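Subject: The structure we talked about

Hi there,

Here is the structure I promised to pass on to you. Have a look at it first, and then read on for what turned up in it.

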Amino acid sequence: MLDVGDPAPAITAQNQHGETVTPEFTEPTVVYFYPKDFTGGCTTEAAEFQAAFPEFQEIGVDIYGVSMDDVETHADFADAEGLVFDLLADPDGDLADAFGLEPTDGMVDRRTFVLADGAVTAVYDPPNADPSGHARTVLQETRNEFFRGG
């Protein structure tokens, strides 16, 4: 698994709209991996990142959610949960592999990476069962790391 200080991987994937996305990772960016759309913990985590999204935007931080679900499932999930940030489809596990995560039974464990200046700056291992409060923690620590006085 990638760790703090490792170079950011070069990734490309389709989002929930079927658009090809290639994050640059020059500016602070959150990439959170989650097991599966429409499951309890994943829905909680997505809702909390969505609730904090305006605050992430205010400080110029992009958010990408990633699971092994396909584009259509991501589209349904984003629509049902009112998500406006990109969900990247990783049905073959290529993104998981780029971040050093090992898929099991078509899912990856919950992990969050913050990347900036072409490198990993933070890694989080939130609880799989109940990630409540995780998005807020990432927001606060990212704000403190990159935007002093935040």
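Before we look at strands, one term is needed: two strands count as a pair if DSSP finds at least two bridges between them. Please also keep in mind that this is a predicted model.

**A pair of strands**

Strand S4, residues 62–67, pairs with S5 in the parallel sense, and the two share 4 bridges. If you want one spot to find on screen, go to Gly 65, which stands opposite Leu 87 in S5. Strand S5 covers residues 86–89, and its side chains alternate: Asp 86 and Leu 88 point one way, while Leu 87 and Ala 89 point the other way. Are these residues buried or exposed? All of them are buried.

**Helix H2 and a charged patch**

Helix H2 runs over residues 71–81 and contains Asp 79. Phe 77 has its place in helix H2 as well. Phe 77 has a relative accessible area of 0%, so it is buried. Asp 79, in contrast, has a relative accessible area of 65% and is therefore exposed. Which residues form a negative patch on the surface? They are Asp 70, Glu 72, Asp 76 and Asp 79. You can also try a distance from Phe 77: its C-alpha atom is separated by 23 Å from that of Leu 101, which is 24 residues away along the chain.

**Salt bridges**

How many salt bridges does a search of the whole structure find? The search finds 5. Here are some of them.

One joins the side chains of Glu 45 and Arg 110, with an N to O distance of 2.5 Å. Glu 45 is in helix H1 and Arg 110 is in the loop between helix H3 (94–98) and S6, so this pair ties together parts that are 65 residues apart in sequence. Both Glu 45 and Arg 110 are buried.

Another brings together the side chains of Arg 136 and Glu 55, at 2.9 Å from N to O. Because Arg 136 lies in helix H4 (residues 134–146) and Glu 55 in helix H1, the pair ties together parts that are 81 residues apart in sequence. Arg 136 counts as partly exposed at 35% relative accessibility, and Glu 55 counts as partly exposed at 24%. A network of salt bridges links Glu 55, Arg 136 and Arg 143.

A further salt bridge is formed by the side chains of Asp 125 and Arg 111 (2.9 Å, N to O). Asp 125 sits in the loop between S7 and H4, and Arg 111 in strand S6, so parts that are 14 residues apart in sequence are tied together. Asp 125 counts as exposed at 56% relative accessibility, whereas Arg 111 is buried at 16%.

**Two backbone angles to look at**

Most residues other than glycine have a negative phi. Phe 38 is not a glycine, yet its phi is positive, at about 70 degrees. You will find Phe 38 in the loop between strand S3 (29–33) and helix H1 (40–58). With a relative accessible area of 45%, Phe 38 is partly exposed.

Asp 117 also has a positive phi, near 50 degrees. Its place is in the loop between strand S6 (111–116) and strand S7 (119–124). Asp 117 counts as exposed, at 68% relative accessibility.

Enjoy exploring, and write back with any questions!

Best wishes

Technical notes: Residues numbered from 1 in each chain as written. Predicted model: local features only at pLDDT ≥ 70, side-chain atom pairs only at ≥ 80, totals over all residues. Heavy atoms only, no water. Patch = residues over 30% accessible without salt bridge, like charges linked within 9 Å, V, L, I, M, F, W, Y side chains within 5 Å. Areas by Shrake-Rupley, 256 points an atom, 1.4 Å probe, with all protein chains shown as cover. Salt bridge = Lys/Arg side-chain N within 4 Å of Asp/Glu carboxyl O. Lys, Arg positive; Asp, Glu negative; His and termini not counted. Charge placed at Lys NZ, Arg CZ, Asp CG, Glu CD. Buried < 20%, exposed > 50% of the residue type's maximum accessible area, 1.4 Å probe, protein only.
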